[in-house]
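Below are my notes on the model, set out as numbered points. Please read them alongside the coordinates.

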Amino acid sequence: VEADRLMTVCNSCRYCEGLCAVFPAMEMRRAFTAGDLDYLANLCHNCGACNSDCQFAPPHEFSVNVPQTLAELRNDTYAHYAWPRALAPVFARNGLMVALAAALSVAGFFIGFALWHDPATLFGTHVGPGAFYAIMPHNSMVLLFGAAFGWAILAIVMGCIAFWRDIGEPTETLRDHKALREGLHDAATLKYLDGGGPGCMNATDRPDDRRRIYHHLTAYGFLLCFAATSVATLYHYLLGREAPLPVWDLPVVLGTLGGIGLVIGPVGLLAAKWRRDPELMDNSRKGMDAAFILILLLTSVSGLLLLALRATPLMGVTLAMHLGFVFGSFLTMPYGKFVHGIYRGLALVRYSAEKRRLTL
């Protein structure tokens, strides 16, 4: 295994131990199991600093390229821990097409339902509470999207259980509040995406923090949108207030801010990925990577359009498209780049626990 060879070479050198968590974690081992390598691969944030600093990088005969090798292994883990395993190759080979096909199929279902029920409804102007449910009844939406979201959560949880088991960390670590707090803090702040301080290496040897900013905008934009949906759900069931809500109301404000983050962040990540040095990336599998970012972008753009057009005759079609992209994002969550944040968070929790055990 190439990752095993490189970690053995790096363990002999240790020049990069101050750059990120990968190398101190590597130094705690003399040999590497498959689970150890999966752990180190997901601990890597792909900042590229070690490749820039490495005296054994190509064209040296040792040909040490840690970022690319761990990126390839990290992508392997997404397929290896996918649940059920049979679905992983479908998404890996045709990630973007599967996501778009699912999104457009659901959008077409909503449009077809509205046309079958009452064609005038689809292109009518609906305003006030409950206007969205003129296109599709609320309970039907809940059933469809609840099932898709529930499946995504189940598949992600099953993958996390398998990942945690394989890296060999005891379940007691998940009850270690200090390890959880430090690990989640490091994940939320992207502590190790700074290349040891100066920033990421991208298209040149001049480091910068743009990838970190775009990751933050994407991640926190997603969380704001999730918070908006959660608050709107509470409004509906506890207060009897139905969507669409006024633009000044909390769910709309949260969703708007999140939607803006989910436009700027994904556009920035796609641009950074396009310009990035190919030597730092896994260039053989870009399907699900691009699918995840593009589906997030299309979901946020369609959501912002829905906000702007919700009191017009275009509301019905825009709502159908937005819900289709939301469904596509749910469908692809467990089988692509979305899980990298979860596995990385678990790896950082383990790293925190390991550090603390060494000091005891």
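1. Start with one loop residue: Pro59 is located between α4 (49-53) and α5, where helices (H or I, at least four residues) and strands (E, at least two) are DSSP runs numbered from the N terminus. The peptide bond between Pro58 and Pro59 is cis, with omega about 15°. A second cis bond links Trp83 to Pro84, with omega about -10°; Pro84 sits in the loop between α5 and α6 (88-117). Most residues other than glycine have a negative phi, and most peptide bonds are trans.

2. On provenance: this is a predicted model, in which local features need pLDDT of at least 70 and side-chain atom pairs count only at pLDDT 80 or more, while totals for chains, interfaces and linings use all residues. Residues are numbered from 1 along each chain as its sequence is written, and side-chain values use heavy atoms, with hydrogens and water left out.

3. Two non-glycine residues have positive phi values. For Asn46, in the loop between α3 and α4, phi is near 60°. Asn46 counts as buried because its relative accessibility is 8%; buried means under 20% relative accessible area, exposed over 50%, and partly exposed in between (1.4 Å probe, protein chains only). For Ser63, in the loop between α4 and α5, phi is near 50°. Ser63 has a relative accessible area of 33% and is therefore partly exposed.

4. The overall fold has 14 helices and zero strands. The radius of gyration is 22 Å, close to the 21 Å that the globule rule gives for 360 residues, so the protein is as compact as a globular protein of that length. That radius is taken over C-alpha atoms, and the rule is 2.2 Å times the number of residues to the power 0.38. The C-alpha trace spans about 70 × 40 × 40 Å along its principal axes.

5. Of the 360 residues, 48% count as buried. Contacts (heavy atoms within 4.5 Å) between residues at least 6 apart in sequence join residues at least 24 apart in 76% of cases.

6. Which residues touch the most other members of the largest nonpolar core? They are Phe23 and Leu43, in a core of 79 residues. Such a core is a set of buried Ala, Val, Leu, Ile, Met, Phe, Trp, Tyr and Cys residues joined through side-chain atoms within 4.5 Å. Another core, of six residues, lies apart from it and includes Ala228, Val231, Val252 and Leu254. Not counting residues up to four places away in sequence, Phe23 touches Cys10, Cys16, Glu17, Cys50 and Val66.

7. Helix α3 (residues 34-43) is mostly covered, with nine of its 10 residues buried. Among these are Asp36, Asp38 and Asn42. The buried residues of α3 pack against α1 (2-13), α2 (22-27), α5 (66-80), α8 (138-166) and α14 (338-359).

8. Val22 belongs to helix α2 and is buried, with a relative accessible area of 1%. Beyond four places in sequence, Val22 touches Leu40, Leu43, Cys44 and Leu70. The C-alpha atoms of Val22 and Phe226 are 31 Å apart, with their positions 204 residues apart along the chain.

9. Is His322, in helix α13 (residues 315-332), buried or exposed? His322 counts as buried, at 17% relative accessibility. Leaving aside neighbours within four places in sequence, His322 is in contact with Thr299, Ser302, Gly303 and Leu306.
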